[in-house]
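Here's a walk through one protein model, helix by helix and contact by contact. Have the viewer open as you read.

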Amino acid sequence: MPQSSATDSPRSVRAKQDVQARRLLSQCGHCYSSRGDGTTLFKCGACQVDTYCSRQCQKAAWAVHKEKCAINRCAQEAGVHAQLKNLRGYTDKHRPTIAEAAIRSLGLAQDVTRAERWCLIVHLQTRPNAQRTDRLYQCVDAEVAPFEVFGLGEAAKMRRQLQLAGAGVVGTAFVVMMCVDPGQSRYLKNIVPVGFEKAVLETSGLPWKEWMMRRLDEGAQAGPADGPHCPAKRVRASSAEEDCA
Ligand SMILES: [Zn+2]
Ligand SMILES: [Zn+2]
C-alpha cells in the first residue's frame with residue numbers, strides 16, 4: 001500500500017484505505033484473482049452481483065453460482081417491486097396536484113396539442129423515515145421535456161398510447177415521476193397519464209413549479225387542488241406504466 005503523504009487528512013487516508021480494501025474484496029468468483037492485483041473483473045450478467053475475471057472462470061463457476069444467482073435475482077425483483085409499489089402509491093395520493101401541474105407547466109390552456117410532444121418530469125428523492133405514503137418522497141425539482149428524452153422507443157410508445165386514447169373532450173398528458181436517490185445507479189420511473197378537460201381554465205397564483213413542490217411537500221391531506229375550478233380528472237389510473245433501469 002502506498003504511504004500517505006504528510007498533507008493527507010486522516011479522512012482522506014481512511015478513504016484511500018477503504019478503496020484499497022474494496023479492491024481486495026473484489027475477487028473473481030472462481031479463481032479469486034482480485035482487483036487489487038490489477039485484474040479486470042466483470043459482473044455476472046444475470047444477477048449483476050458476483051464478479052469474474054474471464055468467461056472461462058464464469059463458466060467453471062456456474063454449477064456452484066447457479067443457485068445463488070437465482071436468489072440474487074429474486075431479491076432484486078422483490079426490492080424493485082416494493083419500490084415501484086411505493087412510487088405508485090405516492091403518485092395516486094398526489095394525483096390532483098400532478099394533474100394540475102401538468103396542465104399549467106405544459107401550457108395546455110394555450111395549446112392542448114403540446115401534450116402530444118411534451119411531458120412534465122417530477123424529480124423525487126426518497127424521504128428518510130417517512131411514515132405515510134403521501135410523504136414517501138421529497139420533490140427536488142421538476143421540468144418540462146420532450147418525450148424523446150426517454151429514448152426514441154419510449155417516445156413512440158407514449159405517442160401510441162395517446163393515439164389509443166383518441167380525440168374527445170378529455171385529453172391526456174404525461175407526467176413522469178422519477179426517483180433518483182444519491183449514490184444509487186438504479187432509478188425508478190413511473191409514467192402517469194393524466195386526463196384533462198380540453199376546455200381548460202388557467203389557474204392563476206404561484207408559478208407552477210413552486211406551487212407543485214409546495215403541495216407535494218404538504219402531503220395529500222390538503223384535499224383536491226385549490227382554486228375555483230380544478231380541471232384535472234382522474235382517468236385510466238390502471239394504465240400507469242412503470243419500469244426501472
Ligand atoms: Zn478468474
Ligand atoms: Zn449471477
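Two residues count as in contact if their C-beta atoms, placed from the backbone, lie within 7 Å. With that in hand, take Ile121, which sits in strand 3. Setting aside neighbours within four places in sequence, Ile121 is in contact with Ala142, Glu143, Ala145, Val176 and Met178. One of those partners, Glu143, is 22 residues away along the chain, yet the two C-alpha atoms are separated by 5.3 Å. Is Ile121 buried, exposed or partly exposed? Ile121 is partly exposed, because 19 other C-beta atoms lie within 10 Å, and the cut-off for buried is 20 or more.

Now for the overall picture. Keep in mind that this is a predicted model. The protein has five helices and eight strands, and along the sequence they follow the pattern α-β-β-α-α-β-β-α-β-β-α-β-β. The protein has 245 residues, of which 25% count as buried. Take the contacts between residues at least 6 apart in sequence: 61% of them join residues at least 24 apart.

**The core**

The largest nonpolar core holds 35 residues, and Ala102, Ala173 and Val175 touch the most other members. Which elements supply at least two residues each? They are helix 2, helix 3 (95-106), strand 3 (118-126), strand 4 (137-146), strand 5 (170-179), strand 6 (188-197) and helix 5 (208-218). As background, nonpolar side chains tend to be buried together in soluble globular proteins. Val175 is a good residue to click on: not counting residues up to four places away in sequence, it touches Ile98, Ala102, Cys119, Leu120, Val122, Val192 and Val194.

**Helix 3 and its partner**

How many of the 12 residues of helix 3 are buried? The count is 12 of the 12, so helix 3 is largely enclosed by the rest of the structure. That list of buried residues includes polar names too, among them Arg95, Thr97, Glu100, Arg104 and Ser105. Arg95 is buried because 21 other C-beta atoms lie within 10 Å, where 20 or more is the cut-off. Arg95 and Val192 are 97 residues apart in sequence, but their C-alpha atoms are 9.2 Å apart in space. Just after helix 3 comes Gly107, with a positive phi of about 65 degrees.

Helix 3 also pairs up with helix 5. Their axes come within 10 Å and cross at roughly 175 degrees, so the two helices are roughly antiparallel to each other. At this meeting point, Thr97, Ala101, Arg104 and Ser105 in helix 3 meet Trp208, Met212, Arg215 and Leu216 in helix 5.

**A kinked helix**

Helix 2 (residues 55-93) makes a nice contrast on the geometry side. A straight helix of 39 residues would span 57 Å at 1.5 Å a residue, but helix 2 spans only 48 Å between its end C-alpha atoms. There is a kink of about 70 degrees in helix 2, centred on Ala63. Helix 3, for its part, reaches 16 Å from first C-alpha to last, close to the 16 Å expected for its 12 residues. The buried residues of helix 2 are Gln58, His65, Leu87, Tyr90 and Thr91.

| Helix | Residues | Span | Expected span |
|---|---|---|---|
| Helix 2 | 39 | 48 Å | 57 Å |
| Helix 3 | 12 | 16 Å | 16 Å |

**Two loop residues with positive phi**

Most residues other than glycine have a negative phi. Tyr32 has a positive phi, near 65 degrees, and is found in the loop between helix 1 (10-25) and strand 1 (42-43). Tyr32 is exposed, because just 11 other C-beta atoms lie within 10 Å and 12 or fewer counts as exposed. The C-alpha atoms of Tyr32 and Thr51 are 9.7 Å apart, with their positions 19 residues apart in sequence.

Where does Asn129 lie? Asn129 is in the loop between strand 3 and strand 4. Although not a glycine, Asn129 has a positive phi of about 55 degrees. Asn129 is exposed too, because 5 other C-beta atoms lie within 10 Å.

Notes. Residues are numbered from 1 along each chain as its sequence is written. Chains are lettered from A and ligands numbered from 1 in the order in which they are written. This is a predicted model: local features need pLDDT of at least 70, side-chain atom pairs count only at pLDDT 80 or more; totals for chains, interfaces and linings use all residues. Helices (H or I, at least four residues) and strands (E, at least two) are DSSP runs, numbered from the N terminus. The expected span of a helix is 1.5 Å times one less than its number of residues. The bend at a residue is the angle between axes fitted to the seven residues ending there and the seven starting there. A nonpolar core is a set of buried Ala, Val, Leu, Ile, Met, Phe, Trp, Tyr and Cys residues joined through C-beta atoms within 7 Å. Axes are lines fitted to C-alpha atoms, for helices over the stretch in contact, and angles run from 0 to 180 degrees between N-to-C directions. Angles under 35 degrees count as roughly parallel, over 145 as roughly antiparallel, 65 to 115 as roughly perpendicular and the rest as oblique.
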